[in-house]
Every structure is written in structure tokens, then in C-alpha cells.
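Hi everyone, thanks for making room for me today. I'd like to walk you through one model, so please have the sequence and the structure open while I talk.

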Amino acid sequence: MQQHIRKNLMALAIASALGGASGLASAAGFALIEQSASGMGNAFAGAAASAEDASTVYFNPAGMSLLPGAQAVVSGHAVSVSARFKNASSSIPPFMTLIGRPPGGDGGDAGSVAFIPNAYFSMPVNESWSIGLGVNVPFGLKTEYDNDWIGRFQGIKSELTTFNINPSVAYKINDSVSVGAGLNYQHADAELTNAVVLAPPFIPGAFPAEGRTKLSANDDGWGWNVGTIFQVTPATRIGASYRSKIKYTLEGDVTTTDGTGAVVTTNLGGLTVSGPSKADITFPDMYSLSGVHRLNDQWNLLADVTYTKWSEIDKVTVVNAATGVTRDILNFHFQDTYRVSIGANYKYSENWTLKGGLAYDQTPVRGADSRTVRLPDNDRTWLAVGAKYKVSNAGAIDLGYAHLFLNDADINFTRGQLTPGTLTVNPGTVSNVNGSYQGSVDILSIQYTQSF
């Protein structure tokens, strides 16, 4: 049996790692909460206390102590996002107006459809110790507009992909208390593109032109997570968990091209605009407190509060990796957020369990003057339903669906390119995006759980 378990574990880990995906983040900011289909049906209420299956490796590793034996979980989530901009009074840079460049349209639908995979494994070592492994995608983002839209000087494509490998251990102190901890290795890839003003007219003999720039960068980071579960009464369980922040120095290249596609190396009076670059960013830490209460033989009630320290991300400075000179500054000014959820499970029969949940998820974006085209985020309300079907004594299938109602998001964001050798903005390159976003998210999840 041990050989069979090892083969399953390796297959699940490889499949999930290679399947790392991105989409416009369905949780606030660029977090992805879709870490199991069994939790999707409850809008992830009670996630740090339910310990329903091996996906507890992510939500609270202490929950492995409550699982009856070895277990493998593989799940996938299809996420469909809509994000449509409606222009009010946006403007392109004055240098582009000067040469008669068209302002552009509203950009189409910046959302997309993405697939997010997860895989988990847990097994007891003895009566007190359990070990596990999770492979998942904790953060992701993708927005992409029409290439000639009116906000192109602030962003065209923004994509973040990650995958996370999370070995974990749990210790059962007694029948009432368990603790757990895990180590996280995380890899991140980022790609950002936007239009730029090339060679403005204050350079002798030069005329302004419109170009494109792309930043591609990646890095590996390390973090940790801990958790504890208390069986307060035979019917009530409380779980608390913490996932640490992860610091990255994303390194890669900036490539700037002109209208013909030729690479431009210098611009704006000699400022190097192509070449090696790097940027420091910290992904936020998260605190969760959950509860599960068995009302009777048929009904379970669940609740959760999660606090995320998004204020770790104030601004991101992109520098020339060779010289240390600042290339660009991306201002976010994020604030910390709460996510609150409630849910219920109804045991319809021996094989069927029906699920439902509601959640309210705050955005880290402070307001219209801090909202960017790369992340036109706003508060959202989750409505989720799901079901678990036991196909055998050892196997179960979970299905979950959630629709996210996003509040309309106003934007009034201004930015421009830096003047050579300074941190001041060249006024001829300043653009403004003023209008509002309408958006929605639909998520369909499926999971198979196998016990050994």
C-alpha cells in the first residue's frame, strides 16, 4: 500500500505543479482562495476547522490529526471572470495628443477564463503524528485589454502565475487539541505590458512616438504556516491558522519596442528602457479563525473570519538591475482586509451531503484614485452551493459552484513616465483613466477524494 500511496502522491504533485494557472483573482486583491472543491460549496466557511479532507493541509495543517487514515485529494476550478470598463473622461498623454494619436476605446472585457488545480495528500504516522503535502496555486492575476484601448499607457496585459509546494506535519496533543505546521516553497512569474511615449520633442531632432514595453520577471520565495484545532465540545470545533508573508525579488528583463517592433534601448534623454530589471514585492500574510457546530445528525453550521495584511503592498519599484536606477514605480497603496463567511451542510442521505454558503470579501483597494487598470478590484459577495457524493466507502466526489457579485468600481487614476535621472514624472507622458468597471465571477469546482 505504501508504494501505491507514493505513486499517487508523486502523480498529483507533478500534475498540480505543471498546471499552475492564473486568472483575474476571485478573492480580493490577487489571492486565490479556490483551494478545494469541498470548501467551495460553503464559500469556504469553517475552512480552518472543518478538516473535511486532506485539503486541510492548506487551510489548517492541524486538521490532519482528525482524518481517519491516509487520503489523497485532487481538485480543479474553472474560473470565469468579466471586467468591463466604461469610459467617462479618460485622457492619453499630451505628447500623443500632440501628434494626433487616437485615444482608443474602452478595452473590451479584461477578464478571462482560467483553470486552477490543487492536490493534497495526508497520512498518519502513528496515533499522535500525521504528515502531508499540498501543491496549489495561492495567488494569480490576469487582466488583458485591447491593444489600442484608452488606458493602454497604464496597462494592457497584467499576469501573475504562482505555484506552491507545502509539506506539513500535525501533532495530536490529546482528544481535544491538535497543532500543525508547514513549510511553503513558492514560485512566482509576472508579466506586465503597457504603451509608452518614445522620444518626446524636447530631444533635439526627435518626434514623439508610441511604443510598447514588457516586464517579465520571476523568483522563488519561502514561507510557513501554522494552525491549531480545539474540540470545545463533542459538537463544536474551533480552528485558528496563520500563513506567513513571502518576500520576493522578481528578476527579469524589460523590453521596449517602437511601432515597427524594433527594440529601443534608450529613451527620454538617454534613460535606459530595455535590459535587466528587478522589483521587490511581499505577498501578504493571512490569519483565519473558523468554527464548526454539529446542530444534529443532519445539519452542520460553519463560519470563518480571515484577515489579510494587504498593506504589505504599498508600491512596487522597478529598478535597472545593473545600475540600480529606478525604471518605474507602481503605486497600489493597499489596505488590510477582512473576509467573513457562513455556511451549512445538510446530510440528505448516507451518500449525499448538500452544501451552501455566503461570504463578504473586502477589497484592499482604497478608492478610485488608488484603483489601477491592472487590478480593478472591489468588494464582492459570494453565493455558493455544492454537494458531496460518496461513490464508495473509500471515494467521494465534491462539486461546488459560486457566483460572485462585484460592486461597481470607480477609477480615477493618473500616472506617467519618470523624467531621466529623477523620481519626478514628465508631464507630457501623463495619462488619466477615469470611469467605472462592472464585473462578475463564476467558479465551478470538482474534486475527487480517495482514502486508503
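Let me start with a rule for rings: those of Phe, Tyr and Trp, with Trp represented by its six-membered ring, make a pair if their centres lie within 6.5 Å. Planes under 30 degrees apart count as stacked, over 60 as edge-to-face, and the rest as tilted. Do keep in mind that what you are looking at is a predicted model.

So how many aromatic pairs does this rule give? The count is 22. One of them is tyrosine 145 with tryptophan 149, a stacked pair with 4.0 Å from centre to centre and 5 degrees between the planes. Are these two residues buried or exposed? Tyrosine 145 is buried, and tryptophan 149 is too.

Another pair brings together tryptophan 299 and tyrosine 346, and this one is tilted: the centres are 4.8 Å apart and the planes make an angle of 45 degrees. The two partners come from distant parts of the chain, 47 residues apart, with tryptophan 299 in strand S15 (residues 299-308) and tyrosine 346 in strand S18 (residues 337-347). Why does tryptophan 299 count as partly exposed? Because its relative accessible area is 36%, and partly exposed is the class between 20% and 50%. Tyrosine 346 falls in that class as well, because its relative accessibility is 23%.

There is also a cluster held together by ring pairs, and its members are Phe30, Phe139, Tyr248, Phe283, Trp310, Phe332 and Phe334. And while we are on rings, have a look at arginine 339, which lies over the face of tryptophan 382 at 4.7 Å from the ring centre.

Let me step back to the whole chain for a moment. You'll find five helices and 23 strands. Along the principal axes, the C-alpha atoms fill a box of roughly 80 × 40 × 30 Å. The radius of gyration is 24 Å, which agrees with the value near 22 Å for a compact globule of 452 residues. Of those 452 residues, 54% count as buried. The accessible surface comes to about 18,700 Å², and carbon and sulfur atoms account for 58% of that. If you take contacts between residues at least 6 apart in sequence, 72% of them join residues at least 24 apart.

Now to the strands, starting with S18, since we have already met it. S15 and S18 run antiparallel and are joined by ten bridges, with leucine 301 opposite alanine 344 of S18. On to strand S19 (residues 352-361): S18 and S19 are antiparallel too, with nine bridges. Tyrosine 346, our ring from before, stands opposite leucine 354 in S19. S18 and S19 form a hairpin, and four residues lie between them.

Next, please find strand S23, residues 431-451. Strand S1 (residues 71-87) runs antiparallel to S23, and 17 bridges join the two. Strand S21 (residues 395-406) is antiparallel to S23 as well, through eleven bridges. Which residue of S23 stands opposite valine 79? That is isoleucine 443, and isoleucine 443 is also the bridge partner of alanine 402.

S23 has a further antiparallel partner in S22, with seven bridges. There, alanine 409 has tyrosine 437 as its bridge partner, and isoleucine 411 stands opposite glycine 435. In a regular strand, side chains alternate between the two faces of the sheet. Here is how S22 (residues 409-415) looks: Ala409, Ile411, Phe413 and Arg415 make up a covered face, while Asp410, Asn412 and Thr414 make up an uncovered one.

I'll finish with two single residues. Threonine 326 sits in strand S17 (residues 326-331). Threonine 326 counts as buried because its relative accessible area is 19%, and the cut-off for buried is under 20%. Beyond its neighbours within four places in sequence, threonine 326 is in contact with Thr317, Val318, Val319, Leu418 and Leu423.

Serine 274 belongs to the loop between strand S12 (271-272) and strand S13 (275-283). Serine 274 is buried, because its relative accessibility is 13%. What does serine 274 touch, leaving out residues up to four places away in sequence? The list is Val254, Thr255, Thr256, Val263, Val264, Thr265 and Arg327. The C-alpha atoms of serine 274 and valine 264 are 6.7 Å apart, and ten residues separate the two along the chain.

Technical notes:
Residues are numbered from 1 along each chain as its sequence is written. This is a predicted model: local features need pLDDT of at least 70, side-chain atom pairs count only at pLDDT 80 or more; totals for chains, interfaces and linings use all residues. Side-chain values use heavy atoms; hydrogens and water are left out. Buried means under 20% relative accessible area, exposed over 50%, partly exposed in between (1.4 Å probe, protein chains only). Two strands pair if DSSP finds at least two bridges between them. Contact means heavy atoms within 4.5 Å. A charge sits over a ring if NZ of Lys or CZ of Arg is within 6 Å of the ring centre and within 35 degrees of the ring normal. The radius of gyration is taken over C-alpha atoms; the globule rule is 2.2 Å times the number of residues to the power 0.38. Accessible areas come from the Shrake-Rupley method with a 1.4 Å probe; for residues, only the protein chains shown count as cover.
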